[in-house]
Amino acid sequence: MIPILGIPPQALFGQLLIGLINGSFYALLSLGLAVIFGLLNIINFTHGAQYMMGAFTAWFLLQYVGLGYWWALLIAPIAVGLFGILLERTMLKRLYQLDHLYGLLLTFGLALIIQGLFRNQYGSSGLPYAIPAQLQGGQNLGFMFLPNYRAWVIGFSLVVCLGTWYVVERTRLGSYLRAATENPTLVQAFGINVPRMITLTYGFGVGLAALAGVMAAPIYQVNPLMGGDLIIVVFAVVVIGGMGSIMGSIVTGFGLGVVEGLTKVFYPEASNTVIFVIMALVLLVKPAGLFGRAQ
Amino acid sequence: MTRAGLGHQGIAFAVMVAFFAVAPFFVYPVFLMKALCFGLFACAFNLLIGYVGLLSFGHAAFLGSAGYVTAHVAKVWGWPPEAAIVAGVAAAAVLGLAIGALAIRRQGIYFAMTTLALAQMIYFFCLQAPFTHGEDGIQAVPRGRLFGILDLSHTLTLYFVVLAIFLAGFLVIYRTIHSPFGQVLKAIRENEPRAISLGYKADQYKLMAFVLSTALVGLAGGTKALVFQLASLTDVHWTMSGEVVLMTLLGGLGTVFGPVVGAFIVIALENYLAQLGAWVTVVQGAIFVVCVLTFRRGVVGELARLIRRPL
């Protein structure tokens with residue numbers, strides 16, 4: 001096999017694959033953040049904790065109820081989404097009249113509580129979660145070995161992302177959503193129940209985070225701290241992409257995952273920081289973000 | 001600012017100084033020094049959130065970096081404590097200039113996310129850079145003799161030096177808030193487009209406030225490194241950025257004395273809850289939630305409302 005730029009292709013494509021996997025999670029999480037921010041004007045700091053709750057729900061279902069991965073993929077987003085709706089109804093809705101910063105502070109506090117509780121119960125070492133039987137093994141593509149589960153994660157998150165894009169940008173429901181983002185008062189005057197829409201939107205965004213958590217469970221371990229650091233990277237992704245566009249979030253998420261993967265190949269020391277460096281550069285060149293509108 | 005208001009703040013200041021002057025004879029001085037360092041940290045943070053309306057979620061980067069620089073020059077290069085602290089302040093100010101210049105290009109919620117992300121970058125730098133010694137941190141930092149005269153290894157001497165540093169920083173902030181410069185900052189907080197239309201270069205003012213704040217955070221960080229003779233990753237981690245937000249919120253955003261009170265309460269709480277492990281995080285989170293939902297003025301803010309005077 002011919003090395004590319006002095007790098008063996010197995011290593012190159014292997015890291016590219018990891019990059020795409022991470023990119024899937026960045027895309028799913030930043031998509032949820034963008035949808036929530038659009039309607040609620042709140043940056044959901046609890047997003048990382050809700051991603052972790054998704055992974056834990058999958059683990060609970062397997063451990064105590066005996067329901068496997070496929071059920072978890074359905075049940076976890078609904079369960080965690082309902083939990084999100086509960087938070088929105090009881091706490092977040094009191095903050096809509098206030099400065100946006102209070103929403104950030106409240107969700108930060110909630111994230112601390114959730115992560116602290118899970119850490120007390122399950123420590124911080126991580127619990128294993130097996131890859132479902134149907135997706136074990138992998139394909140030899142000639143130039144690299146592609147594990148089936150990883151192919152599934154990339155494919156499925158692409159489908160979910162594009163599905164969300166279709167619903168928001170191309171359906172009647174999505175047009176209500178976009179209208180309410182622009183001017184909630186006017187949309188409410190047309191007889192649309194905006195508060196309910198806000199609640200459901202939050203539940204949906206949180207559900208996306210939980211879905212990402214279930215998909216992450218077999219790759220990374222199920223760990224109370226799995227969302228804490230990830231959410232900061234996702235914030236950087238959101239700053240780079242700008243939250244104005246759904247497609248922007250998806251493209252930025254996958255793109256940055258790939259860039260991060262490639263950095264691991266060519267200059268591993270910078271792989272942790274490359275996304276933040278890109279963020280600094282984007283802020284210098286185009287402060288509103290790659291896909292954002294100037295405020 | 002009315003004369004009566006100044007009078008109340010003068011009394012409050014006198015009470016605070018008297019308390020800290022007497023306290024080391026009754027309370028463990030190292031605990032008090034920790035509270036003083038965090039009090040200055042929170043006051044410097046409050047300068048931004050309370051008076052310019054900028055929520056920096058990355059202030060740990062400045063605290064930790066200043067700590068590392070102070071510890072490094074004091075231990076490896078053998079600098080005396082006053083020079084080591086100045087080096088820490090300078091490092092934090094330069095870093096503040098770089099991060100501030102980037103972050104003020106975005107407003108509101110994006111500003112918070114940007115500072116958080118850039119601070120995370122500093123964290124990874126500190127994790128990997130050889131001079132910080134990674135997980136071990138820089139240990140056994142010598143306290144040295146201040147100006148070659150005062151032996152800082154004596155706890156009470158060190159305490160009063162730390163108190164002097166804290167009061168100096170506090171007065172700088174107080175003076176800043178009540179200066180014409182501070183009035184412009186408040187104008188920008190209230191209505192940025194209007195301040196710009198009046199001819200103030202809002203971005204320059206914001207950047208100056210940011211650098212001033214980070215330099216003072218550096219003062220707190222450098223002092224803290226000498227007090228604990230340690231500079232570690234804890235001080236650069238984002239949880240520390242969250243902690244300073246908590247202290248300021250609990251004490252009262254935009255109050256002069258609130259951050260000191262908030263820092264004191266949070267440090268005391270951590271001291272008592274230290275055996276409980278992760279419960280500390282849960283309690284901190286709960287305080288956040290309660291403060292945001294029902295107690296947005298904070299302890300000092302509520303007190304000020306009771307006596308109808310700004311504190």
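**Exercise 1. Helix α12 of chain B**

Compare the end-to-end span of α12(B) with the span expected for its 16 residues in this predicted model.

*Solution.* Step 1: at 1.5 Å a residue, the 16 residues of α12(B) should span 22 Å. Step 2: the C-alpha atoms at the two ends of the helix are 22 Å apart, so expectation and model agree.

Step 3 turns to burial. A residue is taken as buried when 20 or more other C-beta atoms lie within 10 Å of its own. The buried residues of α12(B) are B:Thr281, B:Val282, B:Gln284, B:Gly285, B:Ile287, B:Phe288, B:Cys291 and B:Val292. Step 4: the cover over these buried residues includes α4 (100-122) of chain A, as well as α10 and α13 (298-307) of chain B.

**Exercise 2. Helix α13 of chain B**

State which residues of α13(B) are buried, and identify elements that cover them.

*Solution.* Step 1: the buried residues are B:Gly298, B:Val299, B:Val300, B:Gly301 and B:Ala304. Step 2: their cover includes α10, α11 (258-273) and α12 of chain B. Step 3: after the helix comes B:Arg308, which has a positive phi, near 55°.

**Exercise 3. The interface between the chains**

Determine how many residues of each chain take part in the contact between chain B and chain A, and describe the side belonging to chain B.

*Solution.* Step 1: 34 residues of chain B are in contact with 33 residues of chain A. Step 2: on the chain B side, the elements giving two or more residues are α5 (108-128), α10 (238-251) and α12 (279-294). Step 3: α5(B) gives the most, with 14 residues. Step 4: by residue class, this side of chain B divides into 23 nonpolar, nine polar and two charged residues.

**Exercise 4. One residue of chain A**

Classify A:Asn120 as buried, partly exposed or exposed, and give its contacts outside its own stretch of sequence.

*Solution.* Step 1: A:Asn120 lies in helix α4 of chain A. Step 2: A:Asn120 has 15 C-beta neighbours inside 10 Å and therefore counts as partly exposed; the class lies between the limits of 20 or more for buried and 12 or fewer for exposed. Step 3: leaving out residues up to four places away in sequence, A:Asn120 touches B:Ala278 and B:Trp279. Step 4: as for its place within chain A, the C-alpha atoms of A:Asn120 and A:Asn41 are separated by 32 Å, with these positions 79 residues apart along the chain.

**Exercise 5. The largest nonpolar core**

Name the residues of the largest nonpolar core that touch the most other members, and trace the contacts of A:Met279.

*Solution.* Step 1: the core has 196 residues, and those touching the most other members are A:Ala236, A:Met279, B:Leu40, B:Phe41 and B:Ala117. Step 2: helix α2 (residues 29-51) of chain B supplies the largest share of this core, 16 residues. Step 3: apart from neighbours within four places in sequence, A:Met279 is in contact with A:Ala236, A:Val239, A:Ile240 and B:Ala117. In soluble globular proteins, nonpolar side chains tend to be buried together.

**Exercise 6. The two chains as wholes**

Describe the elements, dimensions and burial of chain A, then do so for chain B.

*Solution.* Step 1: chain A holds 11 helices and two strands. From the N terminus, its elements run α-α-α-α-β-β-α-α-α-α-α-α-α. Chain B has 13 helices and two strands.

Step 2: the C-alpha trace of chain A spans about 65 × 50 × 35 Å along its principal axes, and that of chain B about 50 × 40 × 40 Å. Step 3: a compact globule of 295 residues would have a radius of gyration near 19 Å, and the 19 Å of chain A agrees. For the 311 residues of chain B the expected value is likewise near 19 Å, and chain B has 19 Å, which agrees.

Step 4: buried residues make up 49% of chain A and 51% of chain B. Step 5: among contacts in chain A with a separation of 6 or more, 76% involve residues 24 or more positions apart; in chain B, 76% of contacts between residues at least 6 apart join residues at least 24 apart.

**Exercise 7. Confidence**

Report the mean pLDDT of chain A and of chain B, and find the elements of chain A with the lowest and highest means.

*Solution.* Step 1: the mean pLDDT is 90 for chain A, where 97% of residues reach 70 or more. For chain B the mean is 91, and 98% of residues reach 70 or more. Step 2: within chain A, strand β1 (residues 138-140) has the lowest mean among the elements, 85, and helix α3 (residues 69-90) the highest, 96. Step 3: the model scores ipTM 0.89 and pTM 0.90.

Methods. Residues are numbered from 1 along each chain as its sequence is written. Chains are lettered from A and ligands numbered from 1 in the order in which they are written. This is a predicted model: local features need pLDDT of at least 70, side-chain atom pairs count only at pLDDT 80 or more; totals for chains, interfaces and linings use all residues. Two residues are in contact if their C-beta atoms, placed from the backbone, lie within 7 Å. Helices (H or I, at least four residues) and strands (E, at least two) are DSSP runs, numbered from the N terminus. Ala, Val, Leu, Ile, Met, Phe, Trp, Tyr, Cys and Pro count as nonpolar, Asp, Glu, Lys and Arg as charged, and the others, Gly among them, as polar. The radius of gyration is taken over C-alpha atoms; the globule rule is 2.2 Å times the number of residues to the power 0.38. The expected span of a helix is 1.5 Å times one less than its number of residues. pLDDT is the predictor's confidence in each residue, from 0 to 100. A nonpolar core is a set of buried Ala, Val, Leu, Ile, Met, Phe, Trp, Tyr and Cys residues joined through C-beta atoms within 7 Å.
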